[in-house]
Every structure is written in C-alpha cells, then in structure tokens.
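Biologist: Thanks for sitting down with me. Could you take me through this one and show me the reasoning behind each label?

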Protein chains: 4
Amino acid sequence: MARPLSEEKRQAILAAATDAIATVGVAASTAKIATAAEVSEGTIFTYFATKDELLNQLYLELKDDLGRAMLATYPAKAGLRERAHHVWDRLIEWGHTNPAKNRAMKQLSVSDKITPASRNAGNAVFEEVNNLLSEARSGTSPAFCGAILEALSEKTVDFMRREPDRADAHKAAGFAFFWKGLTG
Amino acid sequence: MARPLSEEKRQAILAAATDAIATVGVAASTAKIATAAEVSEGTIFTYFATKDELLNQLYLELKDDLGRAMLATYPAKAGLRERAHHVWDRLIEWGHTNPAKNRAMKQLSVSDKITPASRNAGNAVFEEVNNLLSEARSGTSPAFCGAILEALSEKTVDFMRREPDRADAHKAAGFAFFWKGLTG
Amino acid sequence: MARPLSEEKRQAILAAATDAIATVGVAASTAKIATAAEVSEGTIFTYFATKDELLNQLYLELKDDLGRAMLATYPAKAGLRERAHHVWDRLIEWGHTNPAKNRAMKQLSVSDKITPASRNAGNAVFEEVNNLLSEARSGTSPAFCGAILEALSEKTVDFMRREPDRADAHKAAGFAFFWKGLTG
Amino acid sequence: MARPLSEEKRQAILAAATDAIATVGVAASTAKIATAAEVSEGTIFTYFATKDELLNQLYLELKDDLGRAMLATYPAKAGLRERAHHVWDRLIEWGHTNPAKNRAMKQLSVSDKITPASRNAGNAVFEEVNNLLSEARSGTSPAFCGAILEALSEKTVDFMRREPDRADAHKAAGFAFFWKGLTG
DNA sequence: GATGAATGAGAATTCATTCAT
DNA sequence: GATGAATGAATTCTCATTCAT
C-alpha cells in the first residue's frame, strides 16, 4: 500500500464531502461527492477504504481545523478573561465563516458512523482549552466546560446566521453568558 | 364506518421510529420501523403519507412531549429562580429518562427533512419558557436564552450519561452555569 | 350472491374506469377509480370480483356501446353505399364525441388482461356490419373488412382530433378510402 | 478508459424489453427485463436513466427498425404501384416475422409514457413513404395515408397470424384494399 | 351492502463497492 | 493509479385484495 499520490486529490474529496454532508447529511452518496470533487467514483476508494472511513477522517480533519483556528495567535501570556475571549472569538469566527464545515461537523457528530475512537481523538483537540478553563474556579469539570463552550458557540453562530443584523450583539451576548456562567 | 385508524397503532409506529432513529439516524428504514412496530410495511403509509411526513410528525410529537414534561406541575407563583430550577429539572429528567427520545430529537433536529414549518411549530413549545426567562434581565434575547437552555440541558444529559456516578453533580453544575450565565 | 343493489353504482365505476384507463392505461389503480366513482375502494370488489373482471366487463360494455351507436337508426332498406355511409358516420361520431371511451377501448384492446372469450364476444358486435359488408363483392373476407373498418375509423378520428380544422375533410376522405378499398 | 458501455448489452436490454413488453405491456418490470437480458437489475439504469427513457428509446429503435426494413431495396425508379407494393410487402414481412417487435410497438404506441417528441421523431421515419404516396392523386393527405398504411398493414398481419392458412390471401387482399382506396 | 384500514408482494430506483480496462 | 461499468441488496412507495366494523 503505497501512499496515495495526490494529497491535493484527497483534500478535494474531503472538501466535496464537507459540502455534500452539510446539505444532505451523511447520506450524501459517494457518487455525488466524487462528481463534486471532480474525481471518479472509484478514486474515492483508493483514498478511503470505505465511506465510513471517509466520514471518520473528515470528522477528524474538521475538528483539527477548528482546533487550529481556535488556538491560532493564542495569547498565552494574557489574562484569563482575555484568553477566553480570544478562544470565543476564534470559535465564532470559524463557525460563521465556514458554514459548510460547521454544518458538516454537526451532522457527523450525531452520526453513528463516527467511532468512539474518532470521538476521543476529536475531543483531544479541546484539551488545551480545557486547561485554560480549569483555571477558572468553577463547579463544572473542565471537560464539561469545554463541551458547554462548544455548544454555546454553535447556538450563537446559529442565531447570528438567523438574524444577521444582530450578529455582533449575539456574539457578545453569547460570550457574556459563557463568562458569567463560568465565573459569575 | 369501516375500521377506524388506530391511535394505538400510530403511537406504536412513532415509538418504533423513535428507537430506530435514535440508533441509526433518519436513515432508519421504514421496513425496520414497521417490524419494530409490529405492523406491516404498507401500514406505515396509511398513517403517514411519506417517510418525510412521519419524520416531521415525530419531530413535533417529541417537541410537544418535551414541552409538556417541562411545564408539568409548573409553579407559576413561585420566584423566578425556583421556576427556572423547576424547568431545568424537568428538562434534565426528560432527557435522562428518555434517552431514545432525546437522541431521536437530536437526529431530527439536524436533518434536512424537517421543514421550516415544523421547526417553527416545534419552537413554539418553548414560548412559555421564553416568557419565563425574559423576566430575568439579561443581554440575551428570550429566544436565544431558550436555545441556550436547550443546548445546555442536552450537554448536561450527555455528561450525566457518560459519568453516571457524577450525574447529580453535573445536573447541579449545569443549572448553576445556566443561572449565573443568565443573571450573574 | 344476490345481484348487486345499485346499477347506478356499477355504471359510475365503469365510467370512472373509462376515464382513468383513457389517461393512464390499464395500470389505472382501483383506488383511483373508486375515488373518481365516489365509491369506496372495497365497493369495487362487490361489483367486480377482480380488477381483470372489471377490465373485461368494461371492454364488453364499450364494444356494446359502440355497436349500439353504430347501428342506431340503421337504414336497413337503403342502398349498400348509403348503409355503409351511415355506419361510417355513426362510428366516427362515436369516436369523436367520446374520446375517453375511444381511448379506453384502444388501451383495453392491446391489454393481455382481456380474455380471448371477451374478444370474441366483443367482435360479435360487428357481425351485423359484417353481413352488410359481405354484400359488397370484394376479395376481403367480411371479418377482415370489419377489422379494417374499425382501424380506418380509429385513424380517421385520430386525425380529426389532431387537425380539428380539417375534421370534416378527414371524415369524408376516410370514408372515400374505405369505400373505394372495398368496392373500387 | 475504464470499461466502455457495451452496445451489445444495450441491445440485449432492448431485445429483452421488446419481448417482455410484447407479452405484458409497458407494465413489464425492469427486474424481469434485466433477468431476460442476463444483466443485473442495476445495469439497466446505467444504460437508461429511467424506465420511461428505456421505453422511449425502444419505441424509437423499433420505428427505426421498421423504417429501415420498409425502405430496404426500395426500387426508386420503378412505377408507383410497384413501389407501393414493395413497401407493403416489406411492412407485412416485418410485422409477420417480428411478432414481438410488432406487438411491443403497438403497446408502446398507446402508452402515455411515450413523449410527443418521441412520437414526432418516430413518425419522421415515414416521411419518405409519405412522399411516395403523395404522388398518388387522392383526397387524403400524405400523413393520413401513411397512418392508414400502417393501420392496414397491422390489421393484415393480425389476420395472417390468426389464419395462417390464408396468410397470402390476406396479404394480397390487404394490398388490394390499400391500393384501391388510394387510387381507385 | 358499504366502508376503508390492513396487508405484503412487487415496483422503480439508489448506492457502496469491486474490478476490468 | 485512475476510471466508470457492473452488481445486487436495500429503499421508499404502490396496489389489488381481504375483512373487521
């Protein structure tokens, strides 16, 4: 099993899958994904052994992408609130500017095709954030806080999308809620 | 005249669908649902014109069920915090004692088969709660608060399920987070 | 097996079947026919044991109807040409003013659901016409002539429908062709 | 690259469809057609997007086949009667030696699945014949004559099949009728 | 007798995957 | 390695017919 030749092609498949899954869910057919990726039906299976593997790898890529975005330019030396604010803004920005990725991740998250192993690996991305949050003295465990952070940011993005006029207000309100909940 | 439609059978189908969708998502086949409901494949379609209609009606039933549970024994005269606490407890209880309903609703919520009309009708259930929450002076709009409440309770139930030993702690921490976020 | 109560209902079913079959062919569902006849699905089967029987009886009724129309006011004493002309006019008139019956009969005629027995009985209707035609000295057998008459009149009606402006011309040309073919 | 579509397989499907439709009409199931064509059920749909498309393409192929047969060895320089006779003989021969094609075409012709576009294209085949016939001074329009020719030949073939002993007589009588009708 | 819910055997079509080219 | 035709199980939905009401 030589490594597949073209990382470019692999990314094209993943990108096409993201779009397809965002719209129709994990039921998106491999044929449609192949067409969108401008790749033949068979080629998908030289890059991913099965559709389930494609799904799991996409899930991981998206989590990784989100994690990378979240911690980019992370101000490690800043105060707790500032760092939390920074993470919040990155999270919202990612969700808001990447609707397809955002929706695809939601679909994948509820799918039974994603293995527990993938879920764990995906959550690992939030470890650093957990550390950050554990500094805040709160009754809630770090892992739980991380999950809440994700859930809140997702709902916030939903509302920003639903009411674009009040996007900034929602973004601020969402963080305020989070911060007060965490530390208030 | 003739045999009347049996509400019992309709409920059996919805219950079977709930279980099936909870495990495999909206891709659950009508054939499997029929078998689980102890009904013939064709019968599904005398109760629901299409699978999509079944999905939408189930979504509505679940929302309704949740709403009813949430507001059962609602202490209208009590203080704000007590009323919020009451709602929170009902919400958690519903999710925790009805894992299938809980998961099915999650699957349906992300599915593109649920029409905007159904979503609106489903959200209407939360109107009363919105009223409750709007009393609390907070920067967040009532609708947004309702959504946050739902999201938080879902995550809380997730963690209660994941770590049964700390179920009560999670439940309390979840409410504390919500209350502080709302009013803190 | 008491005789079904209502001849009226029976006719309603046959009429509805005629329309349905005219449009979608013998695949027309009994449910649709029942609805159109303003009768319940089950009732169809108290008047006709099976769908095939309905089809066969309808075929016979239509043939009978056509035969009756064809020989109505038949000028038994007139000359051969006049009598032939009379039959032709009745035939064309029937087809032209009863498009649904006309089309339904075409559909039934090519269907394998019509039994040989029904076909024979249906052809019997043309016996009298055969007698008429056999007077004309021609190489063609009476039965063959009858069939040709039917085929020609059908095509003529088709063209009258397709080109309504020239309906009368087609009608005349059709008869001219028939008469010359027969006697020329 | 990859396996090319096999014209052989396409023809096998069309041939199987011809037989199936000849016997049970356009209701012939794709599954049965596939089996008869020794092809898997799915394969039908790589050659024809839908069953309706299969039906329309088959209709066109049959018309084309008939047209080709009709004009094969056409004696363009011969006298009118001889040319007409030639066409008649080819028509009868085609119908008589290809009962399945003959019946399938009849079924397709009355089906509402055949689009107007297909019908037009199918009729185009008779254009050359129309030209031939228009030479004969007759009251009937060329298109109408073509239709009559088709109808007469079909009935003739029917009778030849029904009474094989008199096949030749019927064939001759049919032409005599046609010729007299046209020119008499 | 009339009704229409119940049934389950098909129906057309889709799809992940394999494999000949 | 890339391609896309081939496959057949699985899917949603339809339908003639039966039978409880």
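Modeller: Gladly. Let's begin with a cut-off: a residue counts as exposed when its relative accessible area is over 50%, and as buried when that area is under 20%. Keep in mind that the model is predicted.

Biologist: Then why is T73(A) called exposed?

Modeller: The relative accessibility of T73(A) is 63%. The cut-off for exposed is over 50%, so T73(A) counts as exposed. This residue sits in the loop between helix 4 (51–71) and helix 5 (80–97) of chain A.

Biologist: What is the phi of T73(A)?

Modeller: T73(A) has a positive phi of about 55°, and it is not a glycine. Most residues other than glycine have a negative phi.

Biologist: And E38(D): buried or exposed, and how do you know?

Modeller: Its relative accessible area is 74%. With over 50% as the requirement, E38(D) is therefore exposed. E38(D) also has a positive phi of about 55° although it is not a glycine. Its place is the loop between helix 2 (30–36) and helix 3 (41–47) of chain D.

Biologist: How confident is the predictor in chain A?

Modeller: The mean pLDDT of chain A is 91, with 96% of its residues at 70 or more. Among the elements of that chain, helix 2 (residues 30–36) has the highest mean, 97, and helix 8 (residues 127–134) the lowest, 77. Where pLDDT is low, the predicted coordinates should not be read in detail.

Biologist: Now the DNA. Which residues come nearest to DNA strand F?

Modeller: There are 34 residues around DNA strand F, and those that come nearest are T30(C), A2(D), R3(D), T43(D) and Y47(D). Of the strand's atoms within 4 Å of the protein, 70% belong to sugar and phosphate.

Biologist: What makes the approach of E41(B) to DNA strand F a polar contact?

Modeller: An N or O atom in the side chain of E41(B) is 3.4 Å from a base nitrogen of the strand. The limit for such a pair is within 3.5 Å, so this pair qualifies as a polar contact. Backbone N or O atoms take part too: one of R3(D) lies 3.4 Å from a sugar or linking oxygen, and one of S40(D) lies 3.4 Å from a phosphate oxygen.

Biologist: Which element gives the largest share of the surface near DNA strand F?

Modeller: Helix 3 of chain A, with 5 residues. The residues of this surface divide into 11 nonpolar, 14 polar and 9 charged.

Note on methods. Residues numbered from 1 in each chain as written. Chains lettered and ligands numbered in written order. Predicted model: local features only at pLDDT ≥ 70, side-chain atom pairs only at ≥ 80, totals over all residues. Heavy atoms only, no water. pLDDT = per-residue confidence, 0-100. Helix = DSSP H or I, 4+ residues; strand = E, 2+ residues; numbered from the N terminus. Buried < 20%, exposed > 50% of the residue type's maximum accessible area, 1.4 Å probe, protein only. Near = heavy atom within 4 Å. Polar contact = N/O pair within 3.5 Å; in protein donor to acceptor, adjacent residues only side chain to side chain. Nonpolar A, V, L, I, M, F, W, Y, C, P; charged D, E, K, R; others polar.
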